[in-house]
Amino acid sequence: MPEPTEERLSYRLITGPDTRDFCERISNALAEGYVLHGSPSATFNGTDVIVAQAVVLPAAVASADAAVANAVDELGNYEDEAAFEGHA
């Protein structure tokens with residue numbers, strides 16, 4: 001699995017007119033190891049449909065998931081539940 005580097009950002013938001021070129025840019029990102037993140041967005045600027053698609057490297061998602069899991073585990077280590085009284 002490719003690791004994030006300075007040359008390859010963990011997260012990219014690719015935008016542009018809804019053309020073949022835009023689809024090729026997304027396809028190239030997928031070929032480079034990125035995965036789609038969320039749904040595409042589209043708007044109309046009065047002339048063209050402008051689209052956006054977020055892509056992320058899987059290693060970035062795994063790191064974020066691990067960080068969330070660790071934070072949840074840390075919350076579970078508090079024995080004094082009164083400290084969290086009134087918090088959902």
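**Figure 1. Overview of the predicted model and its chain-wide contacts.** Among contacts in the protein chain between residues at least 6 apart in sequence, 53% join residues at least 24 apart. The model is a predicted one, and its protein chain holds two helices and three strands, which run β-α-β-β-α from the N terminus on. Of the 88 residues in the protein chain, 17% are buried.

**Figure 2. Close-up of the open sheet formed by β1, β3 and β2.** The three strands are arranged in the order β1-β3-β2, and their pairing is antiparallel. Because β1 and β2 stand at the edges and each has a single partner strand, one side of each is left without a neighbour in the sheet. On average, and with direction ignored, neighbouring strands of this sheet are turned by 15° against each other. The antiparallel pairing of β2 with β3 extends over seven bridges, and His37 stands opposite Ala54 in β3.

**Figure 3. Close-up of helix α1 and its packing on the sheet.** Helix α1 comprises the twelve residues 20-31, which at 1.5 Å a residue should span 16 Å, and the computed separation of its end C-alpha atoms, 16 Å, agrees with this expectation. Within α1, the residues Phe22, Ile26 and Ala29 are buried; seen down the axis of α1, its buried residues fall within an arc of 60°, so they line one face of the helix. This arrangement can be read against the general geometry of such elements: an α-helix has 3.6 residues a turn, so residues three or four places apart point the same way. On the other side of α1, Arg20 and Ala31 are exposed. The buried residues of α1 pack against β1 (11-17), β2 (35-44) and β3 (49-56), and the direction of α1 makes about 160° with that of β1. After α1 comes Gly33, whose phi is positive, near 105°.

**Figure 4. Close-up of the largest nonpolar core.** This core consists of eight residues in all, namely Ile14, Phe22, Ile26, Ala29, Tyr34, Val51, Val55 and Leu57. The elements that give two or more residues to the core are α1 and β3, and α1 gives the most, with three residues. As a general background to this view, nonpolar side chains in soluble globular proteins tend to be buried together. Val55, one of the core residues, touches Ser10, Tyr11, Arg12, Ile14, Ala29, Tyr34, Val35, Leu36 and His37, when residues up to four places away in sequence are not counted.

**Figure 5. Close-up of Val35 and its surroundings.** Val35 lies in strand β2, and its relative accessibility is 34%, a value that falls between the limits of 20% for buried and 50% for exposed residues, so Val35 counts as partly exposed. Leaving aside residues up to four places away in sequence, Val35 touches Leu30, Ala54, Val55, Val56 and Pro58. Although Val35 and Leu57 are 22 residues apart along the chain, their C-alpha atoms are separated by 6.2 Å. Among the residues that Val35 touches is Val55, which also belongs to the largest nonpolar core.

How values were computed. Residues numbered from 1 in each chain as written. Predicted model: local features only at pLDDT ≥ 70, side-chain atom pairs only at ≥ 80, totals over all residues. Heavy atoms only, no water. Helix = DSSP H or I, 4+ residues; strand = E, 2+ residues; numbered from the N terminus. Expected span 1.5 Å × (residues − 1). Buried < 20%, exposed > 50% of the residue type's maximum accessible area, 1.4 Å probe, protein only. Arc of directions from axis to C-beta. Contact = heavy atoms within 4.5 Å. Core = buried A, V, L, I, M, F, W, Y, C linked by side-chain atoms within 4.5 Å. Pairing = 2+ DSSP bridges. Axes fitted to C-alpha atoms, helices over the stretch in contact; angles between N-to-C directions.
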